[in-house]
4 protein chains.
Amino acid sequence: MFNTIGIISKPLDPVSKGTAVELRQFLETQGIGVIDDNALIAEQADLIIVVGGDGSILNTARTFVDNNIPILGINLGRLGFLADVSVGQMFDLLSKVLTGEYTKEERSLLSCQVEQDGQLIYQSVALNDVVVNRQDALKMIEFNVYINDKFVNNQRADGLIMTTPTGSTAYALSSGGPIMHPGVNAIGLVSICPHTMSHRPLLVPGDSEIVVRIKDSSEGVSVHIDGQTSFPVAPGQVVRVRQHSSFIHLLHPQDYDYFEIIRSKLHWGSQLS
Amino acid sequence: MFNTIGIISKPLDPVSKGTAVELRQFLETQGIGVIDDNALIAEQADLIIVVGGDGSILNTARTFVDNNIPILGINLGRLGFLADVSVGQMFDLLSKVLTGEYTKEERSLLSCQVEQDGQLIYQSVALNDVVVNRQDALKMIEFNVYINDKFVNNQRADGLIMTTPTGSTAYALSSGGPIMHPGVNAIGLVSICPHTMSHRPLLVPGDSEIVVRIKDSSEGVSVHIDGQTSFPVAPGQVVRVRQHSSFIHLLHPQDYDYFEIIRSKLHWGSQLS
Amino acid sequence: MFNTIGIISKPLDPVSKGTAVELRQFLETQGIGVIDDNALIAEQADLIIVVGGDGSILNTARTFVDNNIPILGINLGRLGFLADVSVGQMFDLLSKVLTGEYTKEERSLLSCQVEQDGQLIYQSVALNDVVVNRQDALKMIEFNVYINDKFVNNQRADGLIMTTPTGSTAYALSSGGPIMHPGVNAIGLVSICPHTMSHRPLLVPGDSEIVVRIKDSSEGVSVHIDGQTSFPVAPGQVVRVRQHSSFIHLLHPQDYDYFEIIRSKLHWGSQLS
Amino acid sequence: MFNTIGIISKPLDPVSKGTAVELRQFLETQGIGVIDDNALIAEQADLIIVVGGDGSILNTARTFVDNNIPILGINLGRLGFLADVSVGQMFDLLSKVLTGEYTKEERSLLSCQVEQDGQLIYQSVALNDVVVNRQDALKMIEFNVYINDKFVNNQRADGLIMTTPTGSTAYALSSGGPIMHPGVNAIGLVSICPHTMSHRPLLVPGDSEIVVRIKDSSEGVSVHIDGQTSFPVAPGQVVRVRQHSSFIHLLHPQDYDYFEIIRSKLHWGSQLS
């Protein structure tokens, strides 16, 4: 089933490196080819195992987004929203995955472009979110939002989060957004500290094109991709966001239960007693 | 295009009745058959014009949900989310609609069943929302929520709103839910005054089946359909909600703009100045 | 220090009754008079011990609000916001309290009057909150709010909570209100499912007089006192709320820490991980 | 009544300068001395008139906080929360103010200190708010909060706002805080995008001392005063906030109505229709 598996570990983290070594031995013993070079993985791997946390999966997903290789995440301590196999269960669960016992789940991504006078000057892909944000903590920014070329509203805020369902439990949640099940085909728009009381998170269909036009008065704006990389956006430039053309696929243990992870991560059930 | 048009007006409202009479004359002058009997409308009408507000459209949509007749709403005063043609523009816009100049929009509905020991004891359809709510204002209710047979959480709250995108700007908005564009294929779950701080609105895919199981301790619970009709739900009974198998179609003027209505109704742009 | 102690237990709860009996023996052994008749307590007790939960303390506080007798709460299971001595620690902590080792804390209450044409028709006192609420779960209510005779706003909502700092962690919290430290001299106004997006909880000084005037269109409104008793309010009637003239005093163990209880009850520290 | 009046205008704003010149003429005609030098104002003025917006009043309040001179604000366009006299009404209302027809209102301020190993390294005063905030838009910060030396909680967030009632309608409102009437003697703590779902705004008594201790892992933190000036805070340093020892006094027209300004600024009454 899986003949060649790419392993991605965190180069500076001894636990991640050590786990990756154990993993390689385990897989090679079973006659599976193991590679850890990104270029080779992109060409040859039919599964990528990420040894890290959700952050490592975000990074890996962006890197291999167009290579159509499923990803399985091993967390090194606490349960992740994405990396849901613990080191302790690793060999057990992998043995099952290798025989085809797994759940495969599709996750949408966002494609982000920054444009100046119609010219593309930056593009990236996000698994969690694209955030248009101020760099200068003293000033809010001002921008117009358009959906499919229709004007939505003018906003003054600390920023705007455009989120996938995957990202709905990340920064968007801290900013007051709803939880979107990964199966929902939608993009969420969640404003950060909006300078109005009539703000609400907005959900638009997955095939929508969102344009954020930065007002001339707003200096020091950046676009952030999954909270991991950023790019400066000048006044008058445009950030264009739509669902990316390909999806990534996460492999989970067969008894994977989205709501169980949500309950565990978000401490649901913690009622006022 | 439209040979037979049903007109629905509010029987006790003279303005609605008067407008309906004018409308009938206008249509008949153009050689269009006009009917106002519900049974006939269900059989013969190829368009329903509702002379009332959003409430009248909710009611009409539920009545004719399975007859596949498009609905156009004329509001008698203020702009509605659904009834977006004003009396003043009525003849102008209808003339255009009759020649095919309109926008047709699909809206999903919710099917709601109440069950006792697996027996169906009540069913209805909602265009806005199905609300499981307490009748006794002194006591909160307790229930378990399941999505597609998976346990989601146990809640103690004043109630739970299950909303379509259409209903997301109604009661769900008052309870802190997000705005869902009608094109989003999803169902929203918004708790009313949840007795926990870790609550968030939850969006699930449109093909999800939601089950709310009332705890034995919770007396005096009702299920409310579009805020217009209700049915008592006893402890141990189950409320089952899924997207209805057919959609309704709203006709709008050709320049219909969802976000313009949202801005107008929700006073977007009212920034802190 | 305390010569005569009143014990309040829950008449229908065997655990509460049994604990009350043990408590009586313990106190009488130490030469302290114990009484359990309300009329006698009001006259003679210099301490009231409540064996129950927060609900029992609310009830007791309202009953003896003008008798200036401190109250100590013993909870029968889970920690209460108000009843913070567990049965397990009961004798230990009481021994200390009897020798003067305790923290005495003042809590404000709300006085509530319902008036018809200037005539008083109902009055009560609340330790948590006064809630003006609809009885009919299908209809929202409409009312005007005035502070010190100044018009504040017109609201359409499911209801309005007027809360003491004590009540800020009760129903007001479920409705989106802030946490108010008991030392804050203020009254909180928190709307329930307000039919507007520009709503926010409002804090006014403790010496404010709040008037809620029910609109003529709003039938089936009630005023609820601590979620324990209620009184119907007719359209045109007025609910007048101000801080009650006397306070109640809670006795706590000497190491009482408000924020520790808040952390424990509200599960603070439960971060997204 | 007022013999010497200081006028503060915005040096780079011709409208503000022009209005200040008119104002000076108007006052001098009435035999009132007018000064515009800060040092002189601090010594001699018995009233300060600010020609600008709320921002100019914040700045003026901080500058003269300990000089006990009342402040009156003239706004140059839109109504301010603080600058509530319009240019159009200016001469009319000032004529009345000069004869003693005005409302005097006390507003509390916050004193902010940054300390390193017990050494004071920065201090300032804020009329609106003290904000502990990240400078780096990619990382959230971590800190512990203490009230009167009691641990409150550990937070991971974009920042923390400590607000006066005056500031409750500014940045704190955008972050989800309640509206605090200026007469409430309290300090509000409102977290910015907290990485937890169990967060709520917290109100503590006005005489509380709040300490925010920045965790060692949090680089690039700043403290912001009224959104106008900032100071970097290193890991391990402490931000100490308490009510400032003196208040400022705002003069308003005699018919000043706090709730009228709130309604106007926050668009209250904008109900979902």
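A salt bridge is taken here as a side-chain nitrogen of Lys or Arg within 4 Å of a carboxyl oxygen of Asp or Glu. The exercises below apply this and related criteria to a predicted model.

**Exercise 1. Describe the interface of chain B and chain A by its contacts, its buried area and its polar pairs.**

Step 1. Begin with the contacts: 39 residues of chain B are in contact with 39 residues of chain A.

Step 2. Turn to the area, since the size of an interface is often given as the accessible area lost when the parts come together. Between chain B and chain A about 3,400 Å² is buried, and carbon and sulfur atoms give 57% of that area.

Step 3. Apply the criteria for polar and charged pairs. The number of salt bridges between chain B and chain A is zero, whereas 14 residue pairs, both at pLDDT 80 or more, are in polar contact across this interface.

Step 4. Assign the contact residues of chain B to elements and classes. At least two residues each come from β11 (150–157), β13 (179–180), β15 and α6 (258–266) of chain B, and β11(B) supplies the largest share, with seven residues. Sorted by class, the side of chain B that touches chain A holds 20 nonpolar, 14 polar and five charged residues.

**Exercise 2. Find the operation that superposes chain B on chain A, and state what it implies for the surface that the two copies use.**

Step 1. Recall that two copies of a chain are related by a rotation about an axis and a shift along it.

Step 2. For chain B and chain A, the rotation is 180 degrees and the shift along the axis is 0.0 Å, with an RMSD of 0.0 Å. The two copies are therefore related as by a two-fold rotation axis.

Step 3. Compare the contact residues: 100% of those of chain B recur in chain A, and the same surface serves both copies.

**Exercise 3. Trace the open sheet of seven strands that includes β13(A), and identify its edge strands.**

Step 1. Write down the order, which is β13(A)-β15(B)-β14(B)-β12(B)-β9(B)-β17(B)-β18(B), and note that the pairing is mixed.

Step 2. Look for the strands that pair on one side only: these edge strands are β13 (179–180) of chain A and β18 (229–233) of chain B.

Step 3. Examine the link between the chains, where β13(A) runs parallel to strand β15 (residues 202–205) of chain B and is joined to it by two bridges. Within this pairing, A:Met180 stands opposite B:Leu203.

Step 4. Consider the pairing with the chains exchanged, in which strand β15 (residues 202–205) of chain A and β13(B) run parallel and are also joined by two bridges. Here A:Leu202 has B:Ile179 as its bridge partner.

**Exercise 4. Carry out the corresponding analysis for chain D and chain C.**

Step 1. Take the contacts and the area: 39 residues of chain D are in contact with 39 residues of chain C, and the buried area is about 3,500 Å², of which carbon and sulfur atoms give 57%.

Step 2. Count the pairs, which gives zero salt bridges between chain D and chain C but 14 residue pairs in polar contact, both at pLDDT 80 or more. On the side of chain D that touches chain C, β11(D) gives the most, with seven residues.

Step 3. Superpose the copies: a turn of 180 degrees and a shift of 0.0 Å along the axis lay chain D on chain C with an RMSD of 0.0 Å. Because 100% of the interface residues of chain D are also interface residues in chain C, the copies meet through the same surface.

Step 4. Follow the open sheet of seven strands, ordered β13(C)-β15(D)-β14(D)-β12(D)-β9(D)-β17(D)-β18(D) with mixed pairing. Within chain D, strand β12 (residues 159–163) and strand β14 (residues 186–192) are antiparallel and share five bridges, with D:Leu189 as the bridge partner of D:Met162.

**Exercise 5. Determine how many salt bridges the whole structure holds, and work through the one between A:Arg134 and A:Asp158.**

Step 1. The search over all chains finds 36 salt bridges.

Step 2. In the pair A:Arg134 and A:Asp158, the closest N and O atoms are 3.2 Å apart, to be set against the cut-off of within 4 Å.

Step 3. Locate both residues: A:Arg134 lies in strand β9 (residues 129–134) and A:Asp158 in the loop between β11 (150–157) and β12 (159–163) of chain A, so the pair ties together parts that are 24 residues apart in sequence.

Definitions and conventions
Residues are numbered from 1 along each chain as its sequence is written. Chains are lettered from A and ligands numbered from 1 in the order in which they are written. This is a predicted model: local features need pLDDT of at least 70, side-chain atom pairs count only at pLDDT 80 or more; totals for chains, interfaces and linings use all residues. Side-chain values use heavy atoms; hydrogens and water are left out. Two strands pair if DSSP finds at least two bridges between them. Helices (H or I, at least four residues) and strands (E, at least two) are DSSP runs, numbered from the N terminus. Contact means heavy atoms within 4.5 Å. Buried area is the accessible area (1.4 Å probe) that two parts lose on being put together, summed over both. A polar contact is a pair of N or O atoms within 3.5 Å; within protein, one must be able to donate a hydrogen and the other to accept it, and residues adjacent in sequence count only if both atoms are side-chain atoms. Ala, Val, Leu, Ile, Met, Phe, Trp, Tyr, Cys and Pro count as nonpolar, Asp, Glu, Lys and Arg as charged, and the others, Gly among them, as polar. Copies are superposed by least squares on the C-alpha atoms of residues with pLDDT of at least 70 in both.
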